[in-house]
Every structure is written in C-alpha cells, then in structure tokens.
Amino acid sequence: MNFALPAELLALKAKVRRFIAEEIVPMERDPRQTAHGPNAELRQALVEKARAHGLLTPHASTEMGGLGLSHMEKAVIFEEAAYSPLGPIALNIHAPDEGNIHLLELVATPAQKQRWLLPMVQGHIRSCFAMTEPSPGAGSDPSMMTTTAVRDGDDYLINGQKWFITGAEGASVAIIMARMEDGTATMFLTDTDRPGFILERMMDSLDSCFAGGHAVLRLENLRVPAADVLGEIGKGFRYAQLRLAPARLTHCMRWLGQARRAHEVACSYGSRRQSFGKTLGEHQGVGFMLADNEMDLHSTRLTIWHCAWVLDQGERGNVESSMAKVISSEGIWRVIDRCVQVLGGQGVTGETIVERIFRDARSFRIYDGPNEVHRMSLAKKVLSRFTEDKQ
Ligand SMILES: Cc1cc2nc3c(=O)[nH]c(=O)nc-3n(C[C@H](O)[C@H](O)[C@H](O)COP(=O)(O)OP(=O)(O)OC[C@H]3O[C@@H](n4cnc5c(N)ncnc54)[C@H](O)[C@@H]3O)c2cc1C
C-alpha cells in the first residue's frame, strides 16, 4: 500500500475543505433543517452550491458526469466533505443515493440509467432503498423477507411493508427488495408516484442528517413492469452485497469526518477553558481523552484506507468492510462521546455542533448490519479457518 496521496487528490481535498468551511458550515443553523433532515429547498440550495464549485456527485463515473473517484479517493474526499453534517448532502454523496448510484452504475440497463441514474447523478432527484421490514420480516436477517413479487402478465405485483426507509419522503425513485415465489429475492425500480406505493408515516429518530428522514412504506398491489427489474430476477441478495460493502465503507468515511469535527471542537474548548488553575486539557483526565480521540481517529482512518485499497484491487472486500464498519462505528462513537464529556454541559446542548453529531451517529452501529451480526459472521469465518487448519 502506498500512503502517499497524489498531488491532484491533495488539491481536490484542499478544494473540498475550503468549500465546506466557506460555503457549508455557515449554513448549519439554516431554519430549513427539520427533525427529518434538510427540507427539499435547503437540500437543493446545498446541491447548487456544490454544482457551482464542480464538486457534485464526485463518486459517479466520468461518463455519467461525476469525477470517477476510486474508493481510496472517496476515503479522502468524503471524510473532508463530512466535516459538516450538511457536506454530504451538498456533494450528493449521502446515503442512500450514494450507494444507489453505485449499484445502478453496475447493474442498471442503459434505459434505466437514462431514466433514473442520470437525474440522480445530476442532483435533480433523490432515491431510496427499501429492504427492512417490521417483524416478522427482514431486519438483521434479510432472508426473513416477507414482501412478495408475483408475475402478472408483463408486470410484477408487489405487496408488503417496509420501514426505516431513509429518504423515502421526497424520493422520486425506489429500489425495492421482494421475495419471489421460488424463495429468491429480486430488486425492482419504481417511480414513487405509482399507485400502490404508499408512504404510511414518518419515523421520529435520533438523527436528522438524512434528506427525507426515515419512513414506513406500504406496497399494495404495486404494479412494476418487467422492464423495471434491476438486474436479473432472483439475484437480489447478490446485488445487495454489491451495494452494501462499498456503501458501508462510505458511511465510515463520512462518520470519520463528523468525529474529526467533534474532536476539533472539544480540543478548542479544552485548550481555552480554565478549571482549578489550568486549562481543561492540561488536566490529565481531559488530555488523555483527547489523546485517545486522536488514536481512535487514526486507527479508524487506517482501517478505512486499507478496505478502500482492497476494493480498488477489484476484490469484493466483504470481510474488510465488515471489520471497517465495526471498528469505525465504535471508534467514532467513543470519540464523539468523549467530546460531549469534555464540553461539559454544553456537550448535550445545541451550543455546539457536537450534540447534533452525537445524535446523528448513534444509529451507525445498527444500520448496514448491526455490529453483532458482523461479529457473528466474522466469528464463523475465524472458526472455519481454525477447523480447516486442524484437518
Ligand atoms: C437510521 C437508520 C436508517 C436505516 N435506513 C434503512 C434504509 O434506507 N433501508 C433499509 O432497508 N433499512 C434501513 N435501516 C434498517 C436497518 O438496516 C435495520 O435496522 C438493521 O438491519 C437491523 O434490523 P432491525 O432494526 O429489524 O433489528 P433486529 O433484526 O430486530 O435486531 C435487533 C438487535 O438485535 C441484535 N441482533 C440481531 N441479530 C443478532 C445476532 N445474530 N447476534 C447477536 N445480536 C443480534 C442487534 O443488536 C440488533 O440491533 C435503517 C435503520 C436505521 C436505524
């Protein structure tokens, strides 16, 4: 692995840093920010700023109008963009669009790309990804999927319920995972204004960083033409893996940027605020927290960079992205929690951005596979290796 970043990447990193500091951070208290994320007007204003600076959707291929960033380049740029919670919205690199764009580039037909991918890349429309269901349906275990798709002439009829669907409110297009009659799963693309695509209610959550919040959807005889199947029938779980490994890693990159911001706020406070005759940071109890933050940020970044490098070699990187997800989500959580502590009472109020980052980050240990499930699959791999070694 070469850790030296090329000059063009360093220049792009500096450009993104300047853009976030000058254009995006000043908008963090914009009243168009709601409990369910930035509203449509704020999101569009942010996207237009990134467009004007040539920074919109940098991960999309150059053919689609992006910058065609590699995974390693994304690691550097996404961390930088996420210094502000609004940065990933501005650059159009937030979940779920970022992962959906990646998947559509890999699997969609030319007609599907023209109809849905292009306007997504251009920042004109948003998308959502609908897999999770209320009990007894798919959650940590996606194989428990209960939403069904049944062939009806040239169409499929989809029935079921989905929840936690990020970005569903205001999304123009959805990718829906459904079970086929033979028990396999398929992904379907659909416009969200089709009859039978029903947004039942919004879910109130700790976070407020995703445009369109999180919704409960009811799919009632939703009619999807066979031409709108994404990829091949029965390959839904395989495509989910194609989407999940890199999408998981980009979450790590964004949360690293957020944790670094919280750390800087805590360091600034710790270096100024006096207690018992010296600055907070000079007290070992606080200085050690800041030192631990540095180490957690550093080890998280190295883990992400390694996984990005593995993906750039063309490998699937499932194990590496699983490990990166667990290491990052727990590392950044320790950092942000320590920052809250260092800030004292202000840490749990809106006086600084840290309280918001704290709320936004908690769910990362749950989505994209709860950490326990990643540990379960890693444990299986470790044990199978041990068993093989014994034979
Ligand atoms: C903010 C947010 C955004 C989301 N966005 C989307 C989205 O856009 N699209 C989508 O489809 N889904 C989305 N999800 C859903 C997410 O993927 C699920 O919440 C996750 O897969 C867990 O499923 P569940 O909530 O049903 O938890 P359950 O399956 O009920 O599990 C509950 C808990 O049990 C534990 N657990 C489960 N299995 C095991 C095991 N084998 N061993 C040990 N412990 C275990 C874990 O701690 C887990 O957190 C989102 C969730 C959140 C919180």
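# Reasoning about a ligand site and its surroundings

Student: What makes Ser-140 a polar contact of the ligand?
Tutor: In this predicted model, a polar side-chain atom of Ser-140 lies 2.7 Å from an oxygen atom of the ligand. The cut-off for a pair of N or O atoms is 3.5 Å, and 2.7 Å is within it, so the pair counts as a polar contact.

Student: Which atoms of Phe-129 and Glu-372 pair with the ligand?
Tutor: For Phe-129 it is a polar backbone atom, 2.8 Å from a nitrogen atom of the ligand. For Glu-372 it is an N or O atom of the side chain, 2.8 Å from an oxygen atom of the ligand. Both pairs are within 3.5 Å and therefore count as polar contacts.

Student: How much of the ligand does the protein bury?
Tutor: The ligand taken alone exposes 980 Å², and the protein buries 66% of that.

Student: Which residues around the ligand come nearest, and which elements supply the shell?
Tutor: There are 18 residues around the ligand, and Phe-129, Thr-132, Ser-140, Thr-166 and Glu-372 come nearest. At least two shell residues come from each of β3 (127-130), β5 (155-166) and α11 (371-390). By type, the shell holds 10 nonpolar, six polar and two charged residues.

Student: Why is Val-16 called buried?
Tutor: Its relative accessible area is 0%. Buried means under 20%, so Val-16 qualifies. Val-16 lies in helix α1.

Student: What does Val-16 touch beyond its neighbours within four places in sequence?
Tutor: Val-16 is in contact with Leu-55, Ile-77, Glu-80 and Ala-81. Met-131, by comparison, is 33 Å from Val-16, C-alpha to C-alpha, and 115 residues away in sequence.

Student: Which residues does Ile-77 touch, leaving out those up to four places away in sequence?
Tutor: Leu-9, Leu-12, Lys-13, Val-16, Leu-69 and Leu-91. Ile-77 is also among the residues with the most contacts inside the largest nonpolar core, which has 64 residues; the others are Phe-19, Leu-46, Leu-91, Leu-249 and Ile-304. Helix α7 (236-272) gives this core its largest share, nine residues.

Student: What lies apart from that core?
Tutor: Another core, of 25 residues, including Ala-60, Ile-125, Met-187 and Leu-189.

Student: How do you know whether α3 is enclosed or open?
Tutor: Of the 11 residues of α3, 10 are buried, so the helix is largely enclosed by the rest of the structure. The buried residues include His-71, Lys-74, Ile-77, Glu-79 and Glu-80. Among the elements covering them are α1, α4, α5 (97-107), α7 and α8.

Student: What is the phi of Asn-92, and why is this residue called buried?
Tutor: Phi is near 65°, a positive value in a residue other than glycine. Asn-92 has 4% relative accessibility; the limit is under 20%, so Asn-92 counts as buried. Asn-92 lies in the loop between α4 and α5.

Student: Why does Asp-368 count as buried?
Tutor: Its relative accessible area is 16%, which is under 20%, so the residue is buried and not partly exposed. Asp-368 sits in the loop between α10 and α11, and its phi is near 55°, a positive value in a residue other than glycine.

Student: Where are the cis peptide bonds that involve Pro-96 and Pro-136, and what is omega for each?
Tutor: One joins Ala-95 and Pro-96, with omega about 0°, and Pro-96 is in the loop between α4 and α5. Another joins Ser-135 and Pro-136, with omega about 10°; Pro-136 is in the loop between β3 and β4 (148-152).

Methods:
Residues numbered from 1 in each chain as written. Predicted model: local features only at pLDDT ≥ 70, side-chain atom pairs only at ≥ 80, totals over all residues. Heavy atoms only, no water. Near = heavy atom within 4 Å. Polar contact = N/O pair within 3.5 Å; in protein donor to acceptor, adjacent residues only side chain to side chain. Areas by Shrake-Rupley, 256 points an atom, 1.4 Å probe, with all protein chains shown as cover. Helix = DSSP H or I, 4+ residues; strand = E, 2+ residues; numbered from the N terminus. Nonpolar A, V, L, I, M, F, W, Y, C, P; charged D, E, K, R; others polar. Core = buried A, V, L, I, M, F, W, Y, C linked by side-chain atoms within 4.5 Å. Buried < 20%, exposed > 50% of the residue type's maximum accessible area, 1.4 Å probe, protein only. Contact = heavy atoms within 4.5 Å.
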